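Biologist: I'm new to this one, so could you walk me through it bit by bit? I'll ask, you explain.

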Amino acid sequence: MSVAANPRALVIKLMFIGTAVVILLRLLFLQLFEDKYKIMADDIAIYKKVVFPPRGTILDRKGKTMLYNRLAFDLTVTPNKINKNLDTTELCNALGIDKTQFNKLLQRVIIKNGYRRPGTFIEQLSDEQTARFKENMYLFDGFELLERSIREYPNSSAGLVLGYVGEVSPGMLKRDRYSSYTQGDYVGMSGLENGYEEVLRGTRGVYFYERDNHNRLTESYKKGSMDTQAIAGRSLELYLDAEIQEYVEKLMKNMVGSAVAIDPKTGGIICMVSAPSYDPNLLRGRDRSKNYAALNNDYKKPLFNRATQAAYPPGSTLKPMTALIALDVGVITPSFGYPCGGGYYACGKRIGCTHSGGGHAANLRLALAYSCNSYFVHIMRLIEDAKKFGNVKRGLEAWHDYSWNFGFGHPTGIDIPYEKGGILPDSSYYNKLYHGSWNSCTNLFVGMGQGEISLTPLQMANAMCIIANHGYYYTPHFVKSIGGNPKDTLLTPYLKKHKVTRISDSSFAIVALGMQDVVTHGTGKIAQLPNINICAKTGTVENKAAIDGVAVKMQNHSAFVAFAPRENPRIAVAVMVENAGYGATWAGPIASLIIEKYLTDSISTKRKYLETKLMNANLINPYLPKIEAAQRFRDSMRYEMRLVNKKLEEREKYVKDSLLIRHYFEKIYGKKLP
Amino acid sequence: MAKENTSSFNRIDGITLLLYFMLVAIGLLSVFSVEYRSADPNLFAMSKGFMKQFMFFGVAIFVGVIIFFTDSKFFSSFAYLFYAIGIFLLIITIFLGKDVKGSHSWLGVGGIAFQPGEVSKIFTALALSKFLSSPDTNFKTLKHRLIGTGLALLPCAIIILQDETGLALVYFSFFLVMYREGLPNIVMIIAISIIVLTLASLLIDKAILLYIILGLTLIAAYFIRHALKRDMGVRIILIGIFSICILFSQVAVPFVFTHVMKGYQVDRIYSMIGREVPEDYQSKTTEGGKKKSGNASDYNVTQSKIAIGSGGLLGKGFLNGTSTKNDFVPEQNTDFIFCAVGEQFGFVGSLILIGIYVSLLFRIMFLAERQRSAFSRIYGYCVASIFFFHFAINLSMTIGLAPVIGITLPLLSYGGSSLLSFSILLFILLRLDVDRQAMIR
């Protein structure tokens, strides 16, 4: 009965087994050792669809929308689906185009996408076009409206704060932050759009579908278990006051400069204007690149955020800080006076002072109120030469540390990108500049805010917050809450109170009183408001520019810093108007109008004339086009030089390599390389 | 009579029947999974292949019951008559056949189409069994051997005339039966060697093949080294076989490819196994430098390999086969049904399926060997051979080991003719097995 009894049966059995083994080995190879089939199978049968969620909106402190998504419609057409009896005239009428245009647009779609795939016929129809098309949509087979969202700025202001979105650039794609993006994705390019990109963009939805051999989608892959839902971007609620922002932009429309207002209690930015400003609605939609080029070429540089990126010598606005440092170091007391007779002569050279009247610097408050230059260069020297530091270098280091703590010399950490830190000189800076031989006479100008120091308007406003708060500040920031949550992890760095100095309360109090005197009877009387104790400091910044190779003294920058009310500060302001003149003439009124508007919600009729004066002024430096052109030329030369250097380096390397090859060729083969 | 019938039902071989049901069930599920669309509301509509196949299965069971109520002597008695009918059907098909996919091997009778070539496998098996088991037959004589060969190859020749080469080749499986019944070893060895060498020349690189042959010869020489020392004849035989193998694979095949066949023919042969033409032979195939591709069978095998290969160890899971579900593999219901198993159940599933097939083959051989009558035994071997041939060639072609010739996977592939003919083949064997103690002539 046994099968094995017959040897031929055994042979046949072996044949069966052998064949099965060969097939199994082949299967083993196909299914377990080769990965490519899995990839190929997914490639042909799985279609990945990415859905972009709507971007988050941005609201101001009062809940007013500053940035939202408007639905726009693209008109798409699938050429082979167009009805043969299409009433072209009707369609042309609805869209407001003529027949030749119609044919041209259709040809373009056919060339680009062929007959079977839908292509964009007209991008972003106007509301009127959309409405008229929708009315008779049933007549136009093959034409379809495709929804897409466009960022809309209803206030047409705060362009640099809000930023704009654009297609991600190849350079950005190389960075870690944008590693999840692909070519063609939209991304926040600047301002809050960039700073809070991760919040605003939401979560992209990825849906996997199966498709069949005719490229038709059949069903969702693995019943959708691998899909991720699109989650809409969260909204941002700002401290920014849209009304004030718009108002200040209007005030400064004929100036170059900037104004920053911060709530010292929270670090929330109330307004940040960089003049001249631009309409952010220019940088969206189909004309974005054209408008961008125009703005970028404007000599007034509207795309340059002067509030965070331009650094100016602060001028006299630095004097309160110098006073605080001197008080804390102990080189002066509030009653310390300096016998200024209209100038400072101790270092051999005269340093002028606007006031010469006797006793205008008889004590600290008076010196602040009348902005006595002699007083402050003197106390600067006293700080540097203070006995307790030993030498001038240590003295300057001590001053540098105080100033660093005031937020100078480094970016404050605001929540929009590309912030600059300004310049804060330390002893190594002067060592380099003067080859190690310098003394307190060398840099006494710094005490009055001239010379090597430069600050951004944001840093100046932040310093006002520190004085207003008697020694602490919150990192200036725009965002109050994210999606209604004020404790979002992204906001934790801004909830931290920075206690920056151990300067005593009484020092702050006396400086604040001095600053109040500035407004009541000093240099800044123009900023006076009834029933509000404003503390302020004017600044008039001397500056020079190279015009045709010659250093020419330009009109002074007009600067003004303030906070109010003194008893319970609610707003701190810094205003800088380039090449305008005295601080009290131009920057002062702007600052006081901001304060008035913020604290009282309106401008009293008595002060309306200031508005008119500011709006009608034309303070744009006539040299600006020249300066700007020279700057651009220098930049382009620098770029060219870099390129040339790079090429030279490459060439040098090439020559070296070939020499080396020749050398070794001769050594090895004993003959010259042909 | 009634009592005898009940007892005959009890003696049906359960294991074979179980394996049969398992395979049919796997086939039904495969066809279902291929047609499955989650969004389809009419999953069980009668127009679906799955439901049709289920119906065919019902018919097969019905025919099976009829077979069990038939006297076992009936099959041997009428074997020649059936054979004659089969040949007749095949011949009229040449003239009346419908054109289906390039061959006219289908015969339509009142709305039902069937392939006589499938059915005549049964008749040929019966006739060959009858002839070989006849007491008048002496299979050691050349005359009877030729008659046997003729019986097996006559339908084959007619089917080739119907342009259904794949089906025709199945009839060569009867050589396995004849080998079991006394065909000389040498015939078998030469036949298998030619098949293996031809496939090897196609699938394996020429140089590598040379080393393999050399290695195998040295191993063989080692095992028969004593004989080699003693006997001059053995040496000559060994060297002769070696030389023939080398000549065949290194000279004859390249010569045929480069000088005898036209470029497109070489292209076709390689595309049938889903491979690119090796560079050595490309000079003939390329015209203008660019290789022709996109041949239909080339596409089939590529897609089939993708489907099976993407299954991995455990497969993508039932109803999750992205390639098979979305019609990427052509003919995936019929010739390429194995893709459904390979993709959805992976290597493990394939292993189990092959295990079931091998078990079935072994069981059939076991049944054959326990028959008292020669007719039943030979018939059993016929069944095993036909199953084996289909199974081996079908799987090999789906994984690119053999050329794509339209051959179904027994009991799994969709199609009434195929399912019915394999069922009947098996049921007749089971019917004969019930009466295994009887002498059937």
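Biologist: Let's begin with chain A. How many helices and strands does its secondary structure come to?
Modeller: Keep in mind that this is a predicted model. Chain A has 674 residues, and 51% of them are buried. Its secondary structure comes to 23 helices and 20 strands.

Biologist: Among contacts in chain A between residues at least 6 apart in sequence, what percentage join residues at least 24 apart?
Modeller: Here we leave out pairs that sit less than 6 apart along chain A. Of the contacts that remain, the share joining residues at least 24 apart is 70%.

Biologist: Now for the two chains together. How many residues of chain A are in contact with chain B, and how much area do the chains bury between them?
Modeller: On the chain A side 37 residues take part, and they touch 52 residues of chain B. Carbon and sulfur atoms account for 71% of the buried area. In total, the two chains bury about 4100 Å² between them.

Biologist: Which three residues supply more of the area that chain A buries against chain B than any other three?
Modeller: Together this trio gives 19% of the area chain A buries against chain B. The residues are A:R8, A:F16 and A:Q31.

Biologist: How many salt bridges and how many residue pairs in polar contact turn up across that interface?
Modeller: One salt bridge is between the side chains of A:E219 and B:K325, at 2.7 Å from N to O. Side chains of opposite charge can pair when their charged atoms come close. Across the interface of chain A and chain B, the tally is 2 salt bridges and 8 residue pairs in polar contact.

Biologist: Which element gives the largest share of the side of chain A that touches chain B?
Modeller: Four elements of chain A each give two or more residues to that side: α1 (7-33), α2 (36-45), β8 (205-211) and β9 (217-220). By class, the side of chain A that touches chain B has 23 nonpolar, 5 polar and 9 charged residues. The largest share, 19 residues, comes from α1(A).

Biologist: Let's go inside chain A. Is A:N469 buried or exposed?
Modeller: A:N469 sits in the loop between α18 (457-468) and β15 (472-474) of chain A. Setting aside residues up to four places away in sequence, A:N469 touches A:P264 and A:K265. Its relative accessible area is 8%, under the 20% cut-off, so A:N469 is buried.

Biologist: How many residues apart are A:E578 and A:R306, the pair that meets in a salt bridge?
Modeller: Their side chains meet at 3.5 Å, N to O. A:E578 lies in the loop between β20 (571-577) and α21 (587-600), while A:R306 is in helix α12 (residues 306-309), so to speak of distant parts of the chain is fair. Both residues are buried, and they are 272 residues apart.

Biologist: Over to chain B. Which residue forms a salt bridge with B:R431?
Modeller: B:R431 counts as buried, at 6% relative accessibility. Its partner is buried too, with a relative accessible area of 17%. The closest N and O atoms are 3.3 Å apart, and the partner is B:D435.

Biologist: Which residues are joined into one network with B:D433 by salt bridges that share partners?
Modeller: B:D433 is buried at 0% relative accessibility. One of its salt bridges is with B:R436, the closest N and O atoms being 3.3 Å apart. Through shared partners, B:D433 is joined with B:D13, B:R363, B:R370 and B:R436.

Biologist: What about rings: why is the pair of A:Y472 and A:Y474 called edge-to-face?
Modeller: The structure holds 35 aromatic pairs over all chains. A:Y472 and A:Y474, both buried, have ring centres 6.1 Å apart. Planes over 60 degrees apart count as edge-to-face, and this pair is edge-to-face because its planes stand at 85 degrees.

Biologist: And what kind of pair do B:F74 and B:F78 make?
Modeller: B:F74 is partly exposed at 31% relative accessible area, and B:F78 is partly exposed at 36%. Their ring centres are 4.9 Å apart and the planes are at 40 degrees, so the pair is tilted.

Note on methods:
Residues numbered from 1 in each chain as written. Chains lettered and ligands numbered in written order. Predicted model: local features only at pLDDT ≥ 70, side-chain atom pairs only at ≥ 80, totals over all residues. Heavy atoms only, no water. Contact = heavy atoms within 4.5 Å. Buried area = accessible area lost by both parts, 1.4 Å probe. Salt bridge = Lys/Arg side-chain N within 4 Å of Asp/Glu carboxyl O. Polar contact = N/O pair within 3.5 Å; in protein donor to acceptor, adjacent residues only side chain to side chain. Nonpolar A, V, L, I, M, F, W, Y, C, P; charged D, E, K, R; others polar. Buried < 20%, exposed > 50% of the residue type's maximum accessible area, 1.4 Å probe, protein only. Phe/Tyr/Trp six-rings, centres within 6.5 Å; stacked < 30°, edge-to-face > 60°.
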